[in-house]
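Student: Can we go through this model by asking what justifies each label we put on it?
Tutor: Sure, let's get it on the screen.

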Amino acid sequence: MQKIEHIGIAVKDIDAADLLYTNLLGVPPYKREIVESEKVVTSFFRVGASKIELLCSLDPNGVITKFVEKKGEGIHHIAYAVVDIEAEMKRMEADGFKLLNEKPKQGADNKLVCFIHPKTAGGVLVELCQERP
Ligand code: ZN
């Protein structure tokens, strides 16, 4: 793992959250992007070498909707940058981590991603992400 690429934060209202995080971080988001496969709208802020990713559900039955209903707004996942996501997935699976994706999939912000089940990762949903070539 190279670094914490971003921290994903689930929000109810992307515009309200954009405003809050613009004030909190002192910078506006550099990107807003819809991830069709996840049915979410995301907003990205740079914080030094890491990023904050706001996630807002576009689907009343989606995982982010359920997360916010159950736990409220807040930290949803921690994403680690990796050089070779397939190698990292193999290593982690062999080490007993439960992968939530069989193959890397297209994530937001030009990344290939794979999620690791929080039950096998100390209660934290982990995202591996590799910059797309
Ligand atoms: Zn993420």
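Tutor: One thing to settle before we name any element: helices and strands here are DSSP runs, H or I over at least four residues for a helix and E over at least two for a strand, numbered from the N terminus. Also keep in mind that the model is predicted.

Student: Okay, where is Lys 12 found?
Tutor: Lys 12 sits in the loop between β1 and α1, the latter covering 14–25.

Student: What makes Lys 12 count as buried or exposed?
Tutor: Exposed means over 50% relative accessible area. Lys 12 comes out at 60%, so it is exposed. Setting aside neighbours within four places in sequence, Lys 12 still has contacts with Cys 56, Val 68 and Glu 73. Its C-alpha atom is 16 Å from that of Glu 33, 21 residues apart along the chain.

Student: Now the metal. Which residues are the protein donors of the zinc ion?
Tutor: His 6 and His 77 each give NE2, while Glu 53 and Glu 127 give OE, with distances of 2.0 to 2.2 Å. The cut-off for a zinc donor is 2.8 Å, so those atoms qualify. Along the sequence, the donor spacing reads H-x46-E-x23-H-x49-E. One pair links distant parts of the chain: His 6 belongs to strand β1 (residues 3–11) and Glu 127 to strand β8 (residues 126–131), 121 residues apart.

Student: Why is the arrangement around the zinc ion called irregular?
Tutor: Look at the angles: the 4 donor atoms subtend 83 to 172°. Tetrahedral would need all angles between 85 and 135 degrees, and a range of 83 to 172° breaks that at both ends, which makes the arrangement irregular. For reference, the ideal angle for four tetrahedral donors is 109.5 degrees. Just remember that water is not among the atoms, so a site may look incomplete.

Student: How do you know whether His 6 and Glu 127 are buried or exposed?
Tutor: Buried means under 20% relative accessible area. His 6 has 3%, so it is buried. Glu 127 has 5%, so it is buried too.

Student: On to the sheet. What is the order of its strands?
Tutor: It's an open sheet of 8 strands, ordered β2-β3-β4-β1-β5-β8-β7-β6, and the pairing is mixed.

Student: What makes β2 and β6 the edge strands?
Tutor: Each of them, β2 (31–35) and β6 (105–107), pairs on one side only. From one strand to the next, the twist averages 35°.

Student: How do you know that β2 and β3 pair?
Tutor: Pairing takes at least two bridges. Here β2 and strand β3 (residues 40–47) share 5, running antiparallel, so they pass that cut-off. Among the bridge partners are Ile 34 with Val 41 and Val 35 with Val 40. The two strands form a hairpin with 4 residues between them, and Lys 39 in the turn has a positive phi of about 55°.

Student: And what makes the sheet's pairing mixed?
Tutor: Compare two neighbouring pairs. β1 and strand β5 (residues 74–81) are antiparallel over 7 bridges, with Ile 9 opposite Ile 75. β5 and β8, though, are parallel over 4 bridges, and there Ile 78 has Val 126 in β8 as its bridge partner.

Student: Which helix packs on the sheet next to β8?
Tutor: That's α3 (residues 85–94), touching β7 (111–116) and β8, with its direction at about 155° to that of β8.

Student: How many helices and strands does the whole chain have?
Tutor: The count is 3 helices and 8 strands, running β-α-β-β-β-α-β-α-β-β-β from the N terminus.

Student: Why call the chain as compact as a globular protein of that length?
Tutor: The globule rule gives 14 Å for 133 residues and the radius of gyration is 14 Å, so the chain matches a globular protein of that length in compactness. Its C-alpha atoms fill a box of roughly 40 × 30 × 25 Å along the principal axes, and buried residues make up 42% of the 133.

Note on methods: Residues are numbered from 1 along each chain as its sequence is written. This is a predicted model: local features need pLDDT of at least 70, side-chain atom pairs count only at pLDDT 80 or more; totals for chains, interfaces and linings use all residues. Side-chain values use heavy atoms; hydrogens and water are left out. Donors are N, O and S atoms within 2.8 Å of the metal (3.2 Å for Na, K and Ca); water is not among the atoms, so sites may look incomplete. Four donors count as tetrahedral if all angles lie between 85 and 135 degrees; four count as square planar and six as octahedral if opposite donors are over 155 degrees apart and all others between 65 and 115; anything else is irregular. Buried means under 20% relative accessible area, exposed over 50%, partly exposed in between (1.4 Å probe, protein chains only). Axes are lines fitted to C-alpha atoms, for helices over the stretch in contact, and angles run from 0 to 180 degrees between N-to-C directions. Contact means heavy atoms within 4.5 Å. The radius of gyration is taken over C-alpha atoms; the globule rule is 2.2 Å times the number of residues to the power 0.38.
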